[in-house]
Amino acid sequence: NPTIMKNIIFLVLFFWFTGNLYSQDENNYLLLFDDFQQGVAMLKTNKKSTNLFNYELATGKVLFKNNDNIMELADPESISFIKIGDRIFEHIKGRDFYEKINVGNTDLYIYHKGSLLSKGKNVGYGARSQTSSTEGINMITNSEGRVMKLNVDEDFEIKRKNIYYLKIDGKFKRFNSLSSFAKLFKGQESQIEESLKNERLNFNDTEDIIKAISI
């Protein structure tokens, strides 16, 4: 069947297994979702393909899974967006994807980033000794985003460092505080700061940012 053959060729070209660049152990990645989730990749040609996807916090890449193999997209530039569950991740540049959240008449973009935070070493009897550094201790992240712990006794948690943008006049405008957020709206800075100053908003919290945009 010519149609089936074309679809097979398309999938082979669209998805590319990166061989030994990626481990099959999910614990070697800083993943946004606990498990790879069903999603749909929409290409700029309007073709689409379903697969199991996840978002890698160390690199901003979207990964997918085929059986037990973790793979990288061969040509992310050809993708318009990937929908993972009910969340949209738009391709921005290179291998970077930003989550896109519609808030009223505005789109909030989140570049999800993360690193490992040391919680200390196990010293026995349920106690842990604290290290002086706050992140990246006893582990390294290679260029493919794979993390490798150097000390099995070290306990880690993910430290989120998301970057937030609004898309204004076709350009991504970054903000990280009430002041920088207000400056994105020329001529309305004072009005916005006045209306939000008593809201006690945390501009590291997505829900608070959505609230700020909605007001």
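## Salt bridges and charged surface

Glutamate 99 and arginine 87 pair through their side chains in a salt bridge, 2.8 Å from N to O. A salt bridge here is a side-chain nitrogen of Lys or Arg within 4 Å of a carboxyl oxygen of Asp or Glu. The pair links distant parts of the chain: glutamate 99 lies in strand β8 (residues 96-103) and arginine 87 in strand β7 (residues 87-93), 12 residues apart. Strands (E, at least two residues) are DSSP runs, numbered from the N terminus.

This is a predicted model: local features need pLDDT of at least 70, side-chain atom pairs count only at pLDDT 80 or more, and totals for chains, interfaces and linings use all residues. Residues are numbered from 1 along each chain as its sequence is written, and side-chain values use heavy atoms, with hydrogens and water left out.

The whole structure holds 7 salt bridges. Three of them, with the N to O distance:

| Acid | Base | Distance |
|---|---|---|
| glutamate 99 | arginine 87 | 2.8 Å |
| glutamate 72 | lysine 61 | 3.8 Å |
| aspartate 107 | lysine 100 | 3.8 Å |

How exposed are these partners? Buried means under 20% relative accessible area, exposed over 50%, and partly exposed in between (1.4 Å probe, protein chains only). Glutamate 99 is buried at 4%, while arginine 87 is partly exposed at 27%. Aspartate 107 is partly exposed at 24%. Lysine 100 is also partly exposed, at 30%.

Glutamate 72 forms a salt bridge with lysine 61. This pair also joins distant parts of the chain: glutamate 72 is in strand β5 (residues 69-73) and lysine 61 in strand β4, 11 residues apart. Glutamate 72 is buried at 8%, and lysine 61 is buried at 12%. Salt bridges link Lys61, Glu72 and Arg95 in a network.

Lysine 61 has another contact. The side chain of threonine 59 reaches the backbone nitrogen of lysine 61 at 3.3 Å. Threonine 59 sits in the loop between β3 (48-56) and β4 (61-66). Threonine 59 is buried, with a relative accessible area of 15%.

Which residues form the positive surface patch? Lys171, Lys173, Lys183 and Lys186 do. Patches are made of residues with over 30% relative accessible area and no salt bridge; like charges are joined within 9 Å, and nonpolar side chains (Val, Leu, Ile, Met, Phe, Trp, Tyr) within 5 Å. Lysine 173 belongs to strand β16 (residues 171-175). Lysine 173 is partly exposed at 33%.

Definitions and conventions: Areas by Shrake-Rupley, 256 points an atom, 1.4 Å probe, with all protein chains shown as cover. Lys, Arg positive; Asp, Glu negative; His and termini not counted. Charge placed at Lys NZ, Arg CZ, Asp CG, Glu CD. Helix = DSSP H or I, 4+ residues; strand = E, 2+ residues; numbered from the N terminus. Polar contact = N/O pair within 3.5 Å; in protein donor to acceptor, adjacent residues only side chain to side chain.
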